[in-house]
Amino acid sequence: MRVGQNVTAAQGETPEQDLVQSSREGALAVLRLSRPPVNTLTDALRLALFKAIEDADNDSGVRAIVVAGEGASFCTGYAPDALSLTELRRR
């Protein structure tokens, strides 16, 4: 993915949903979390964000990266249904 393209959903998300929207404003890469309504974090969103950051970092024209959230919330944390209590204890 190049900056300016969106990272689409994987595993358990609808394929049409863009999890991270990226755009360029000059030397600034803007990455927006897009998992309505409150951008709860899932493994798919986490991986999409890491990929988008890596892609922006590898773009020689990018001098700064801003991470923002669509809607009223930046990110409300991990989705309650994304992890079991056992998985939380392992992390």
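## Salt bridges within helix 1

Asp55 and Lys51 sit 4 residues apart in helix 1, so about one helical turn separates them. In this predicted model, their side chains meet in a salt bridge, at 2.9 Å from N to O. The two partners differ in their surroundings: Asp55 is buried, with a relative accessible area of 10%, whereas Lys51 counts as partly exposed at 35%.

Helix 1 holds another such pair. Arg46 and Asp43 are 3 residues apart in this helix, again separated by about one helical turn, and their side chains form a salt bridge at 3.4 Å, N to O. Here both partners are partly exposed: Arg46 has a relative accessible area of 25%, and Asp43 comes in at 30%.

## A bridge between distant parts

The structure holds 4 salt bridges. One of them joins the side chains of Asp59 and Arg24, with 2.9 Å from N to O. Asp59 belongs to the loop between helix 1 and strand 4, while Arg24 is in strand 2, so this pair ties together parts that lie 35 residues apart in sequence. Asp59 is partly exposed, at 24% relative accessible area, and so is Arg24, at 35%.

## The overall fold

Stepping back to the whole chain, you will find 2 helices and 4 strands, arranged along the sequence in the pattern β-β-β-α-β-α. Of the 91 residues, 34% are buried. Among contacts with a separation of 6 or more, 55% are between residues 24 or more positions apart. The accessible surface of the chain is about 5700 Å², and carbon and sulfur atoms account for 51% of that area.

## The nonpolar core

In soluble globular proteins, nonpolar side chains tend to be buried together. The largest nonpolar core in this model has 10 residues: Leu19, Val20, Leu31, Leu33, Leu41, Ala44, Leu45, Ala48, Leu49 and Ala52. At least two residues of this core come from each of strand 2 (18-25), strand 3 (28-33) and helix 1. Helix 1 is the biggest contributor, giving 5 residues.

Leu31 is a good core residue to click on. Leaving aside residues up to four places away in sequence, Leu31 touches Val20, Gln21, Ser22, Leu49, Ala52, Ile53, Ile65, Val66, Val67 and Ala68.

## A nonpolar patch on the surface

Nonpolar side chains also gather on the outside. Leu47, Phe50, Ile53, Ile65, Val67 and Phe74 form a surface patch with about 510 Å² of accessible area together. Helix 1 (43-58) and strand 4 (64-69) are the elements that each give two or more residues to the patch, and the largest share, 3 residues, comes from helix 1.

Ile53 is one of the patch residues and has its place in helix 1. With a relative accessibility of 31%, Ile53 counts as partly exposed. Ile53 is also among the residues that Leu31 touches, as are Ile65 and Val67, and these three belong to the patch.

## Backbone details before helix 1

The loop between strand 3 and helix 1 deserves a look too. Pro37 lies in this loop, and the peptide bond leading from Pro36 to Pro37 is cis, with omega near 5°.

Asn39 is found in the loop between strand 3 and helix 1 as well. Although Asn39 is not a glycine, its phi is positive, at about 55°. Is Asn39 buried or exposed? Its relative accessible area is 1%, so Asn39 is buried.

How values were computed. Residues are numbered from 1 along each chain as its sequence is written. This is a predicted model: local features need pLDDT of at least 70, side-chain atom pairs count only at pLDDT 80 or more; totals for chains, interfaces and linings use all residues. Side-chain values use heavy atoms; hydrogens and water are left out. Patches are made of residues with over 30% relative accessible area and no salt bridge: like charges are joined within 9 Å, nonpolar side chains (Val, Leu, Ile, Met, Phe, Trp, Tyr) within 5 Å. Accessible areas come from the Shrake-Rupley method with a 1.4 Å probe; for residues, only the protein chains shown count as cover. Buried means under 20% relative accessible area, exposed over 50%, partly exposed in between (1.4 Å probe, protein chains only). Contact means heavy atoms within 4.5 Å. A nonpolar core is a set of buried Ala, Val, Leu, Ile, Met, Phe, Trp, Tyr and Cys residues joined through side-chain atoms within 4.5 Å.
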